[in-house]
Amino acid sequence: MLRLLPLLPLLCAATFETGDSEPYPHESFSDKQLARSLKKANRASGIEEILVRDERGETQAKKTRELPRVGLSALLRVHGLSPAKDTVYRLLVPAEDDRIAIVVTWEPPRAVVEVGVALEPLHADQDAISVVVLDQDGAVWDGAAWGLLADALSRLTDVELKRIEGLRVVRMEAPPPGVRAQIEGDGRLVALYDQRDDQSSLILTNYAVQGNLGSFCGPAADPRPTSLHTVLHELGHAVHQGRFRARLQEIRALESAFPTPEGKTREAIGRHMALTKEHKSEEVSPVIAAWKAQFDSSPTEYGNTSAPEAFAEAFALYHLDPQALHRAMPDAHAWFESDYDP
Ligand SMILES: [Zn+2]
């Protein structure tokens, strides 16, 4: 078949920090021991005041002994992480059979603690998933992986779902070797959107499904596993490439219909050339072009690498924790609410 379009693969890897899921060292401490250790640690790092934020967002100063046990544990954990100023930590703190979502905002000389609810594991049947096509290569789909994908898809708008119609989502144990080589040094690869000449896929590895056991995403009052952010981030790439994928299918259909240049009608050749030109233009995604025209920053550090990464991060936050996007980038939140056209 005549192939006029050599395409470079577009790879997007989502990674997360590891080493954050070790058991809490102070699980065996009594409440008194926890409070004493915390006072000592606070003195050492200049924390003079602890504020507790309630579900309405209002804060109130509390004494160490007034904090719930999970709050004490979370603060001690943050001390152990060599915290940076003005950083928000989202921790899952073990409490009996549950893991409670706690947000700690580190703003020396104060720390703000928000105690949320227990993280519920995501679970779904395969029937819960439509629009995308499930595939597997060396790993097997299960209730947890279906649950993750189903939750992510349930947050998308109808137009976004239309853009990803027929997208192949592949469960793999680990990324293919060639792919791993390309991103080595960039943290642990957990999921990626892979755009190639003949096929585009969203790959979910074991790490992507497992998530980070020590932290969560979304609001503390409605926590979700970190892997959900990863899946939404990759779906964001699939959405911004949606119109491009559709164009590519059109080109391929024309090539199949007219396998040789001689067999093509003038109209088919013209259409093919127009599509090819459009396709080769630098900006294949109108959504990314619109994003770039408006913004030169990202709501997260990971998104600072490029405009598509910033978009994918904002996309994930908008669907997962719109208030967090509003806090980090109010203009981007407003853009998703009004001008955004995938
Ligand atoms: Zn990405």
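How many bridges join E5 to E6, and do these strands run parallel or antiparallel? In this predicted model, E5 and E6 are joined by 7 bridges and run antiparallel. The connection between E5 and E6 is a hairpin that passes through 2 residues, and one of the pairings places Glu-107 opposite Arg-110 of E6 as its bridge partner.

The two strands belong to an open sheet of 5 strands, arranged in the order E3-E2-E6-E5-E4, in which the pairing is mixed. At the edges of this sheet lie strand E3 (59–62) and strand E4 (87–95), each of which pairs on one side only. On average, and with direction ignored, neighbouring strands of the sheet are turned by 30 degrees against each other. A parallel pairing is found between strand E2 (residues 49–53) and strand E6 (residues 110–118), which share 4 bridges. Within this pairing, Glu-49 has Arg-110 of E6 as its bridge partner, while Leu-51 is matched with Val-112 of E6. Arg-110 is thus named both as the bridge partner of Glu-49 and as that of Glu-107. Helix H2 (residues 69–80) lies across E4, strand E5 (98–107) and E6, and runs at about 55 degrees to E5.

A further parallel pairing involves strand E8 (residues 168–172) and E10, which are linked over 4 bridges; here the bridge partner of Arg-168 in E10 is Ser-201. Strand E10 (residues 200–204) is mostly covered, with 5 of its 5 residues buried. In a regular strand, the side chains alternate between the two faces of the sheet. In E10, Ser-200, Leu-202 and Leu-204 point one way, whereas Ser-201 and Ile-203 point the other way, and all are buried. Ser-201, the bridge partner of Arg-168, is therefore among the residues that count as buried, for which 20 or more other C-beta atoms must lie within 10 Å of the residue's own.

Among the helices, the axes of helix H10 (residues 286–294) and helix H11 (residues 307–320) come within 10 Å and cross at roughly 95 degrees. Because angles of 65 to 115 degrees count as roughly perpendicular, H10 and H11 are roughly perpendicular to each other. The contact is made by Val-287, Ile-288, Trp-291 and Lys-292 on the side of H10, and by Ala-307, Pro-308 and Phe-311 on the side of H11. The residues of this contact divide into 6 nonpolar, no polar and 1 charged.

Taken as a whole, the protein chain contains 13 helices and 12 strands, and 39% of its 342 residues count as buried. Of the contacts in the protein chain with a separation of 6 or more, 65% are accounted for by residues 24 or more positions apart.

The confidence of the prediction varies along the chain. The protein chain averages a pLDDT of 83, and 82% of the residues score at least 70. Confidence is highest in helix H13 (residues 330–337), at a mean of 98, and lowest in strand E1 (residues 10–16), at a mean of 50. Over residues 15–21 the pLDDT stays under 50, and the model has 17 contacts beyond four places in sequence for this stretch. The pLDDT is likewise below 50 over residues 180–187, a stretch with 8 contacts in the model beyond near neighbours in sequence. Where pLDDT is low, the predicted coordinates should not be read in detail.

Definitions and conventions
Residues numbered from 1 in each chain as written. Predicted model: local features only at pLDDT ≥ 70, side-chain atom pairs only at ≥ 80, totals over all residues. Buried ≥ 20, exposed ≤ 12 C-beta atoms within 10 Å, placed from the backbone. Pairing = 2+ DSSP bridges. pLDDT = per-residue confidence, 0-100. Contact = placed C-beta atoms within 7 Å. Axes fitted to C-alpha atoms, helices over the stretch in contact; angles between N-to-C directions. Parallel < 35°, antiparallel > 145°, perpendicular 65-115°, else oblique. Nonpolar A, V, L, I, M, F, W, Y, C, P; charged D, E, K, R; others polar.
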